[in-house]
Amino acid sequence: MPVYKAPLRDVKFLMHELLDAPAQLAKMPFYAENDTADGDLMNQVLEEAARFVEGELLPLNAVGDQEGCVRHDDGSVTTPTGFKAAYNKYRAAGWTALDADPAFGGQGMPHLVSNVLVEMMNSTNVAWSMYPGLSHGAYSALHAVGSEELKAIYLPKIVSGEWTGTMCLTEPHAGTDLGIIRTKATANADGSYAISGTKIFISAGEHDLTPNIVHLVLARLEGSPEGTKGISLFLVPKFLVNEDGSIGERNGVVCGSLEHKMGIHGNATALLNFDGATGYLVGEINKGMNHMFIMMNAARLGTGLQGLGIGETAYQNALAYAKDRTQMRHEPRVNPAENADPIIVHPDVRRMLLTGKAYTEAGRAMAMWLALSIDTEHHHPDEAARKEAADLVALLTPIAKAFMTDNGFNIAVQSQQVFGGHGYIREWGMEQYVRDARIGQIYEGTNGIQSLDLLGRKVLMDGGKKLQKLAATLQTFIEENEGDDDLASMLDQLGKAANQLGSLTMVVGQKAMSGPEGADEVNAVAVDYLRFFGHVVYGYLWARMAKIAHAKIAAGQDRDGFYLAKVQTAQFYFAKLFPETKALAATIKAGNESLAVDDRMFGLERALVGA
Ligand SMILES: Cc1cc2nc3c(=O)[nH]c(=O)nc-3n(C[C@H](O)[C@H](O)[C@H](O)COP(=O)(O)OP(=O)(O)OC[C@H]3O[C@@H](n4cnc5c(N)ncnc54)[C@H](O)[C@@H]3O)c2cc1C
């Protein structure tokens, strides 16, 4: 069975030494008043979280994969053995309420802490973690824009975990393009709405973990404008709720089928038929897409954390295997008395392991920085600080989603490679990580769409303002550390790449404005641009981590080699991974030209794009 130990040492390093989080959070009255910004308390909560995921979720990961979910003729769904018992323990321990608003029964812990919990849950059982994960997204949207009445009825149940939530956007003909959804809403005389239509691929859409499920559904109100401007958000419970809060009549929403899919078998991916189901408007009419984005932003970071979590656990397993497995001989010999040495001595195996470690630790640093920025955005008393944090969150969210899931999948594959043929065999668990990691690149908006969001919306449409702010933060760090010999080479590479990010943005921006083909120019390079940007962010974080680590080593405070490992992983990152930016710069500059090929190449009779 795969092994996993929560990376608490690294988490504490990031929380206390890189981010100085307790001091930052103490500036926010919400956390100070709720007494939840205390560093020791955050440590204890995460230690407890580690015990839960290692003890309860990890043993169910393979069970969930092998059993999957089962739909019965009446549309009900049974989750794999042990899922419900683990969910009940999770609820009973209060984890569903961790970072929720105390006004609705939450514990008011910082988002920073729940972010680490989610990473650990994803490391141990990504399919199971999606049940509470989707609820959290529903909570965020309802909390932000729901009416007081809806909040009073539904939020305490979601926060306590008594009921779970879902996010119902996708339809058979409408995935990326939600502007063309057909699900209809018709006003009822009592102020509610009748919702009819079919939603597909709904994660956690039907299950036996809780007696009720709260679906948040995008639908078009009769007479609304075409496209995204005519979409509204509705809350549709599986069971209607009586006035006293108890569960009432069955509502008109039924699971028509479950998808058979590549991975995350333990999570029910449901087709839901809404047949005149009673729904309640959430927020304003025709503002559904804006409201759904609240949920989607939370879900995008959550998806990024799936990539991070799977990457961490895949790396840990590859490391354990590489120390144990002996193959071939290395000079000098490690086991002169044996006929083979452990594979960890071979440089190519080290390359695979260090790739996993370097991406994972930088990803964790970015995710925690982003989570602390979300706390700042919501709770800092100073408006300028809130705005600055909001800008950073907007810029980093698509990177967190796409860069972390791309890297997570690659780490899963490389870690499987460390196992050789045994990685392909089910009993070792590595092939499950590969299958489970793949979906992160696809849902919550494909990584291609995340890249367009970053380059098109967050950078170009904003006139580069958010990018410039981040570039200024990097520049300040580089200038402050000029003359530091330990960091010189990293800062040189980082400074050049950060400048190049600016110039590449200008090049793409100019092409984008050059005529009708401008949009294609952005589309053609967005994925490479996001990857380039991701490296700049990780490079910045590795340089900062290396600086702290060097200081600790110089002060004689590196008893267990933790800080030396940070320095050497940073050096590996800049030597072996960061140079990918050079190739990416070339492909970004190459633009759309080589893609606008003669369409006969694709068997098309008429040119759709190329000539
Ligand atoms: C296991 C699973 C769970 C899911 N869970 C949920 C859920 O809980 N709720 C929910 O609502 N949905 C869910 N989804 C749906 C998921 O979010 C969509 O599959 C995803 O957004 C992509 O939509 P699509 O599959 O229709 O692909 P399409 O939109 O058809 O896209 C196909 C390809 O075209 C590309 N493409 C499309 N438009 C452009 C463009 N303008 N420029 C460049 N490339 C473009 C895409 O990037 C993609 O590569 C889930 C899907 C799966 C498989």
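Reader: What makes a polar side-chain atom of Thr446 and an oxygen atom of the ligand a polar contact?

Author: In this predicted model, the two atoms lie 2.7 Å apart. A polar contact requires a pair of N or O atoms within 3.5 Å, so this pair qualifies.

Reader: Which atom of Thr170 is paired with a nitrogen atom of the ligand, and why does that pair count as a polar contact?

Author: An N or O atom in the side chain of Thr170 is 2.6 Å from a nitrogen atom of the ligand. The limit is 3.5 Å, and therefore the pair counts. Met167 takes part through its backbone: one of its polar backbone atoms is 2.8 Å from a nitrogen atom of the ligand, which also meets the limit of 3.5 Å.

Reader: What share of the ligand does the protein bury?

Author: The ligand taken alone exposes 980 Å², and the protein buries 64% of this area.

Reader: Which elements give two or more residues to the shell around the ligand?

Author: They are strand E3 (164-168), strand E5 (193-203) and helix H13 (447-460). Strand E5 gives the largest share, three residues. Of the 20 residues around the ligand, those that come nearest are Thr170, Thr176, Phe201, Ser203 and Thr446. By class, the shell has ten nonpolar, eight polar and two charged residues.

Reader: Why is the space lined by Gly307, Tyr359 and Phe403, among other residues, called a cavity?

Author: The name applies because a 1.4 Å probe fits there but cannot get out. This is the largest cavity, with about 50 Å³ of space, and a search of the whole structure finds two cavities of 30 Å³ or more. Helix H9 (288-324), helix H10 (347-379) and helix H11 (383-418) each supply at least two residues of its lining. H11 provides the largest share, five residues.

Reader: How many charged residues are in the lining of the largest cavity?

Author: There are no charged residues; the lining has six nonpolar and six polar residues. Gly307, Gly311, Gly363 and Gly408 are in this lining and enter the polar class, because Gly is counted as polar.

Reader: What makes Asp65 and Asp436 charged members of the lining of the second largest cavity?

Author: Both residues line that cavity, and Asp belongs to the charged class, so each is a charged lining residue. The lining as a whole divides into three nonpolar, six polar and two charged residues. The cavity has a volume of about 30 Å³. Helix H5 (61-67), helix H7 (111-145) and helix H12 (430-438) each supply at least two lining residues, and the largest share, three residues, comes from H5.

Key: Residues numbered from 1 in each chain as written. Predicted model: local features only at pLDDT ≥ 70, side-chain atom pairs only at ≥ 80, totals over all residues. Heavy atoms only, no water. 1 Å grid on protein atoms, 1.4 Å probe; cavity = no way out; pocket = protein on both sides within 12 Å on 5 of 7 lines; lining within 4 Å. Points joined across faces, edges and corners; volume = space filled by probe spheres on them. Helix = DSSP H or I, 4+ residues; strand = E, 2+ residues; numbered from the N terminus. Near = heavy atom within 4 Å. Polar contact = N/O pair within 3.5 Å; in protein donor to acceptor, adjacent residues only side chain to side chain. Areas by Shrake-Rupley, 256 points an atom, 1.4 Å probe, with all protein chains shown as cover.
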